[in-house]
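I wanted to go through the annotated sites and the pocket around them, one look-up at a time. My notes are below, in the order I made them.

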Amino acid sequence: MGESVFNCCYVPPPPPGEEDPRISRRTEIMASHSAQISPDKRFIIFFDFDETIVDETSDDMVVQAAPGQHLPGWLKDTYQPGRYNEYMQRVLAYLAEQGVTESDIRGVMEKIPATPGMLTLLQFLRTRPVHDFEVVLVSDANAFFIESWLRRTGSRQLFHRIFTNPATFNRDGRLVMRPFHSHDCPRCPDNMCKQVIVRDYVSRRTQERGRPYQRVFYVGDGANDFCPALSLGPQDVAFPRRDFPMHRLITETHEAMPGEFKAVTVPWVSAEEVVQRLRKLVAE
């Protein structure tokens with residue numbers, strides 16, 4: 001798959017001497033520590049994290065670690081649309097200044113509840129035959145928040161790859177988050193277009209495997225999950241959380257531009273509904 005397939009989402013190479021803002025070796029290393037993936041997987045399933053795997057937004061929940069469990073007005077007033085990643089960098093800096101520790105933040109993340117039925121879905125994927133599912137997480141949260149929750153629930157090893165904003169603690173004890181990449185997609189926040197990630201990854205894995213997946217699945221909830229779902233084909237399945245932005249955007253697209261959204265759409269309230277559909281599809 002060449003660069004032209006990205007259309008509005010194509011990210012050009014950097015000038016000489018500058019770091020590549022595309023999905024690079026650095027971000028791939030940040031994304032995963034897993035071993036080489038079996039080339040025999042029949043399906044690939046992508047998950048969002050906030051309000052998809054967990055039933056809250058982790059960026060909102062971290063505020064519970066702040067003094068009084070709230071942020072000062074002057075800090076909240078610095079948010080600008082499309083620049084949420086930069087805003088969260090300021091929030092994390094503020095938390096560190098207030099004495100909030102790595103352990104404090106991890107404790108908040110570990111207590112976030114899973115969405116209804118999600119632990120059942122993760123267990124279903126964990127117990128499937130080894131050649132069934134390649135499982136990938138794509139999130140605009142950050143590596144520390146996600147890893148904290150997945151490790152607490154024993155789910156980390158299920159995910160073959162995790163694509164998210166890098167985040168590590170510096171010597172001063174501050175959680176430093178960086179943008180995942182840059183892109184030109186008008187639909188998505190400045191630091192992440194999930195369609196770029198999904199299309200690049202599926203293309204690269206298809207080349208490595210020498211054949212396509214039988215189906216691609218995408219489980220999400222937000223507006224930034226609609227963009228990658230647009231890249232799915234008619235054999236693929238989008239699982240939007242019912243009545244959340246991803247679901248509403250798919251519905252609006254079907255009404256305004258019939259045929260534009262190609263994937264089969266299966267809304268869910270409980271992730272057990274996702275399990276039921278996957279059971280049928282893997283048996284075909």
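**Entry 1: what I call buried.** I count a residue as buried when its relative accessible area is under 20%. I'm working from a predicted model here.

**Entry 2: Asp48.** I started with the "active site" feature, which UniProt, in an unreviewed entry, lists at Asp48 and Asp50. I then found both Asp48 and Asp50 in the lining of the largest pocket. Is Asp48 buried or exposed? Its relative accessible area is 5%, and the cut-off is under 20%, so I put Asp48 down as buried. I located Asp48 in the loop between strand 1 (43-47) and helix 2 (58-61).

Next I looked up what Asp48 touches, skipping neighbours within four places in sequence. The list has Ile53, Val138, Ser139, Lys194, Val219, Gly220, Asp221 and Asp225. With Lys194 there is also a polar contact, side chain to side chain, at 2.9 Å.

**Entry 3: Asp50.** Asp50 sits in the loop between strand 1 and helix 2. I got 12% relative accessibility for Asp50, so this residue goes down as buried too. Leaving out residues up to four places away in sequence, I see Asp50 touching Glu56, Thr57, Ser58, Ala141 and Asp221.

**Entry 4: the binding site.** Which residues does UniProt give for "binding site"? The unreviewed entry has Asp48, Asp50 and Asp221. I checked how far apart they are: they spread over 174 residues of sequence, yet they cluster in space, with a largest C-alpha distance of 8.3 Å. Asp48, Asp50 and Asp221 are each in the lining of the largest pocket.

**Entry 5: Asp221.** I found Asp221 in the loop between strand 6 (215-220) and helix 9. Its relative accessible area is 5%, so Asp221 counts as buried. Which residues is Asp221 in contact with, leaving aside neighbours within four places in sequence? I noted Asp48, Asp50, Glu51, Thr52, Arg241, Phe244, Pro245 and Met246. The side chain of Asp221 also makes a polar contact of 2.8 Å with the side chain of Thr52.

**Entry 6: the pocket itself.** I then turned to the largest pocket and got a space of about 570 Å³. The lining has 25 residues, and the closest to the centre are Asp140, Pro189, Gly222, Ala223 and Asn224. Which elements give two or more residues to this lining? My list is strand 2 (133-142), helix 9 (223-229) and helix 10 (245-256). Helix 9 has the largest share, with five residues.

**Entry 7: cysteines.** Last, I asked how many disulfides there are. I used a cut-off of 2.5 Å between cysteine sulfur atoms, and the count came to zero. I also looked at two of the cysteines: Cys193 has 0% relative accessibility, so I marked Cys193 as buried. Cys227 comes out at 0% relative accessibility as well, so Cys227 is buried.

**To keep in mind.** Asp48 ties to Lys194 through a side-chain polar contact, and Asp221 to Thr52. Asp48 and Asp221 are also in contact with each other, and Asp50 touches Asp221. The two site features come from an unreviewed UniProt entry.

Technical notes: Residues are numbered from 1 along each chain as its sequence is written. This is a predicted model: local features need pLDDT of at least 70, side-chain atom pairs count only at pLDDT 80 or more; totals for chains, interfaces and linings use all residues. Side-chain values use heavy atoms; hydrogens and water are left out. Buried means under 20% relative accessible area, exposed over 50%, partly exposed in between (1.4 Å probe, protein chains only). UniProt positions are given in the numbering used here, feature names are shortened, and annotations may be inferred rather than shown by experiment. On a 1 Å grid over the protein atoms alone, a cavity is a set of points where a 1.4 Å probe fits but cannot get out, and a pocket is an open set with protein on both sides within 12 Å along at least five of seven lines; lining residues have an atom within 4 Å of a point. Helices (H or I, at least four residues) and strands (E, at least two) are DSSP runs, numbered from the N terminus. Contact means heavy atoms within 4.5 Å. A polar contact is a pair of N or O atoms within 3.5 Å; within protein, one must be able to donate a hydrogen and the other to accept it, and residues adjacent in sequence count only if both atoms are side-chain atoms. Grid points are joined across faces, edges and corners, and a volume is the space filled by probe spheres set on the points.
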